[in-house]
Amino acid sequence: MFVKKWIKTRHATMFRLSNNLIQSIFDDGSEIIFNSAKDVTYVSNTGTRKEVKMAEAINSMDTGL
């Protein structure tokens, strides 16, 4: 696995990896990972990890993950 593309923004660095994962690492140390199986993984800056289906994440935007 290797980085195909990356971009640095004011608040995060985003990577597109060779296995089609998209990963964003935010300045506070939290991460969000999108994979091709339509899952979303959130890793807080304290290391707490939560994985949900993309549809569930979209539906829970008002209530939070």
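**Figure 1. Hairpin of strand 2 and strand 3 in the predicted model.** The hairpin has 4 residues between its strands, and asparagine 20 takes a positive phi near 70 degrees. Strand 2 covers residues 12–17 and strand 3 covers residues 22–26. The two strands run antiparallel and are joined by 5 bridges. Within this pairing, threonine 13 is placed opposite isoleucine 25 of strand 3.

**Figure 2. Hairpin of strand 3 and strand 4.** Here, 4 residues lie between the strands. In the turn, glycine 29 has a positive phi of about 95 degrees. Strand 4 consists of residues 31–34 and pairs with strand 3 over 4 bridges, in the antiparallel sense. One of the facing positions is glutamine 23, which stands opposite isoleucine 33 of strand 4.

**Figure 3. Surroundings of serine 24 in strand 3.** The relative accessible area of serine 24 is 4%. Serine 24 therefore counts as buried, the cut-off being under 20%. When residues up to four places away in sequence are not counted, serine 24 touches Thr13, Met14, Ser30, Glu31 and Ile32. Among these contacts, Thr13 and Met14 fall within the residue range of strand 2, while Glu31 and Ile32 fall within that of strand 4.

**Figure 4. Pairing of strand 1 with strand 2.** The two strands are connected by 5 bridges and pair in the antiparallel sense. Valine 3 has leucine 17, in strand 2, as its bridge partner. Strand 1 spans residues 3–8.

**Figure 5. The open sheet of 6 strands.** The strands are arranged in the order 1-2-3-4-5-6, with antiparallel pairing. Strand 1 (3–8) and strand 6 (49–53) are the edge strands, and each of them pairs on one side only. From one strand to the next, the twist averages 15 degrees. In general, strands of a sheet pair through backbone hydrogen bonds, in either a parallel or an antiparallel arrangement.

**Figure 6. Methionine 54 in helix 1.** Helix 1 comprises residues 54–59. Methionine 54 has a relative accessible area of 27% and is partly exposed. Leaving aside neighbours within four places in sequence, methionine 54 is in contact with Phe34, Lys38, Asp39 and Val40. Of these, Phe34 lies at a position within strand 4. Valine 40 is 14 residues from methionine 54 in sequence, and their C-alpha atoms are 5.7 Å apart in space.

**Figure 7. The protein chain as context for the close-up views.** The chain contains 1 helix and 6 strands, which follow the pattern β-β-β-β-β-β-α along the sequence. Its C-alpha atoms fill a box of roughly 30 × 25 × 20 Å along the principal axes. Of the 65 residues, 26% count as buried. The chain exposes about 4,900 Å², of which carbon and sulfur atoms supply 57%. Among contacts with a separation of 6 or more, residues 24 or more positions apart account for 0%. The chain carries 9 positive and 7 negative charges, and the mean positions of the two groups are 9 Å apart.

Methods: Residues numbered from 1 in each chain as written. Predicted model: local features only at pLDDT ≥ 70, side-chain atom pairs only at ≥ 80, totals over all residues. Heavy atoms only, no water. Pairing = 2+ DSSP bridges. Buried < 20%, exposed > 50% of the residue type's maximum accessible area, 1.4 Å probe, protein only. Contact = heavy atoms within 4.5 Å. Axes fitted to C-alpha atoms, helices over the stretch in contact; angles between N-to-C directions. Areas by Shrake-Rupley, 256 points an atom, 1.4 Å probe, with all protein chains shown as cover. Lys, Arg positive; Asp, Glu negative; His and termini not counted. Charge placed at Lys NZ, Arg CZ, Asp CG, Glu CD.
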